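Here's a quick tour of a single protein chain. Have a look at the sequence and the fold first, then read on.

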Amino acid sequence: MTDTILHASLGAIRDLEDAGVFVPQVGVNFAQSDLEDPQLITRILWTLDQFDLWPDRLSVVEVLENVVVQDAASPVRNSVNTLAKLGCHIDLDDFGTAQNPFNSLRQLNIDRMKIDRSFILNIDSEPKKQDMLAAVVLLAQRLNLDTIAEGIETHAVLRLVQKLGC
């Protein structure tokens with residue numbers, strides 16, 4: 001199924017570009033089992049080549065935070081870091097929902113942090129959530145990571161943080 005989604009996503013970028021519409025990147029989620037597959041990198045590169053696209057066009061390879069990466073030899077960690085070195089951008093999805101989100105930030109070459117919807121839901125009426133969001137956004141800024149909050153781009157998150165005064 002992953003290969004089908006990857007193929008369809010990259011094919012859509014190529015079709016749109018051929019029609020004169022430039023889409024800079026596409027997001028594809030990979031399960032832990034995908035990231036553990038030693039053939040994943042080869043299949044991704046083959047599919048990119050098939051559509052004559054550079055790896056940075058697959059700029060959102062979403063890694064769920066609960067995909068725990070324990071040791072340097074982990075196949076998941078190897079896949080994620082290899083994809084990053086090839087030029088794919090890596091998103092850490094659902095930040096704040098796993099037991100130790102900071103290990104993910106430290107161990108993987110992450111480009112963007114996706115703040116889980118639970119941090120944003122009812123934020124206007126929950127001061128603790130406002131403080132937590134401010135802290136997470138500051139953390140992301142200090143690590144030079146873009147942020148997105150379940151569909152809200154970085155600038156909207158920052159405006160929300162400023163508006164809430166946190």
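## How far to trust it

This is a predicted model, and its confidence is uneven along the chain. The mean pLDDT comes out at 79, with 72% of the residues scoring at least 70. Helix H3 (residues 40-50) sits at the top with a mean of 95, while helix H8 (residues 154-164) is at the bottom with 62. Where pLDDT is low, it's best not to read the predicted coordinates in detail.

## The overall layout

The chain is built from 8 helices and 5 strands. Walking along from the N terminus, you meet them in the order α-β-α-α-β-α-β-α-β-α-α-β-α.

## Inside and outside

Of the 166 residues in the chain, 43% are buried. About 9200 Å² is left exposed, and carbon and sulfur atoms account for 52% of that area.

Now for the contacts between residues at least 6 apart in sequence: 67% of these link residues that are at least 24 apart.

## H1 against H3

One helix pair is worth a closer look. Helix H1 (residues 2-18) packs on H3 with an angle of about 30° and 10 Å between the axes. That angle is under the 35 degree cut-off, so H1 and H3 count as roughly parallel to each other. Their crossing is right-handed.

Which residues make the contact? From H1 come Asp3, Leu6, His7 and Leu10; H3 brings Arg43, Ile44, Thr47, Leu48 and Gln50.

How values were computed: Residues numbered from 1 in each chain as written. Predicted model: local features only at pLDDT ≥ 70, side-chain atom pairs only at ≥ 80, totals over all residues. Heavy atoms only, no water. Helix = DSSP H or I, 4+ residues; strand = E, 2+ residues; numbered from the N terminus. Buried < 20%, exposed > 50% of the residue type's maximum accessible area, 1.4 Å probe, protein only. Contact = heavy atoms within 4.5 Å. Areas by Shrake-Rupley, 256 points an atom, 1.4 Å probe, with all protein chains shown as cover. pLDDT = per-residue confidence, 0-100. Axes fitted to C-alpha atoms, helices over the stretch in contact; angles between N-to-C directions. Parallel < 35°, antiparallel > 145°, perpendicular 65-115°, else oblique. Left-handed = near helix turned anticlockwise from the far one by under 90°.
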